[in-house]
Amino acid sequence: MPFTYEGGIDAFMKNEVLSYAPDAYVDEKKTVIGYEISFTKYFYKPVELREMSDILESLKALEKEADGVLAEIMEGL
């Protein structure tokens with residue numbers, strides 16, 4: 001739950017939890033304060049995608065490489 005949630009934990013429970021789990025409760029003895037650091041959010045660098053023309057060229061090359069392979073397989077049967 002965010003620290004800045006308006007109304008605190010009681011409002012959070014009422015608005016976000018109890019509508020889905022009406023029997024939910026907060027055990028004050030087990031309540032702790034912690035932080036979550038999203039390493040993905042701050043450190044992830046997405047892989048740059050290849051250009052579509054490069055992908056199409058690769059597919060054409062694979063198609064040429066595979067040309068005749070099916071015929072060879074069928075001849076062996």
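**Helix 3 and the largest pocket**

Leucine 56 counts as partly exposed, because its relative accessibility is 42%, and the exposed class begins only over 50%. The model is predicted, and the description here starts from this residue and then turns to the pocket. Leucine 56 is placed in helix 3, which covers residues 52–66.

Leu56 also belongs to a nonpolar patch on the surface. Its partners there are Met52, Ile55, Leu59 and Leu62. Together, the five residues of this patch have about 470 Å² of accessible area.

Glutamate 57 is likewise found in helix 3. With a relative accessible area of 53%, glutamate 57 is exposed, because the cut-off for that class is over 50%. Between the C-alpha atom of glutamate 57 and that of glycine 8 the separation is 57 Å. Along the chain, glutamate 57 and glycine 8 are 49 residues apart.

The other feature to follow is the largest pocket, whose volume is about 210 Å³. Its lining includes Met1, Pro2 and Phe3, together with Ile9, Phe12 and Met13. Val26 lines the pocket as well, as do Thr31, Val32, Ile33 and Gly34. By residue class, the lining divides into nine nonpolar and two polar residues, with no charged residue. The two polar members are Thr31 and Gly34, because glycine is counted as polar in this classification.

Technical notes
Residues numbered from 1 in each chain as written. Predicted model: local features only at pLDDT ≥ 70, side-chain atom pairs only at ≥ 80, totals over all residues. Heavy atoms only, no water. Patch = residues over 30% accessible without salt bridge, like charges linked within 9 Å, V, L, I, M, F, W, Y side chains within 5 Å. Areas by Shrake-Rupley, 256 points an atom, 1.4 Å probe, with all protein chains shown as cover. Salt bridge = Lys/Arg side-chain N within 4 Å of Asp/Glu carboxyl O. Helix = DSSP H or I, 4+ residues; strand = E, 2+ residues; numbered from the N terminus. Buried < 20%, exposed > 50% of the residue type's maximum accessible area, 1.4 Å probe, protein only. 1 Å grid on protein atoms, 1.4 Å probe; cavity = no way out; pocket = protein on both sides within 12 Å on 5 of 7 lines; lining within 4 Å. Points joined across faces, edges and corners; volume = space filled by probe spheres on them.
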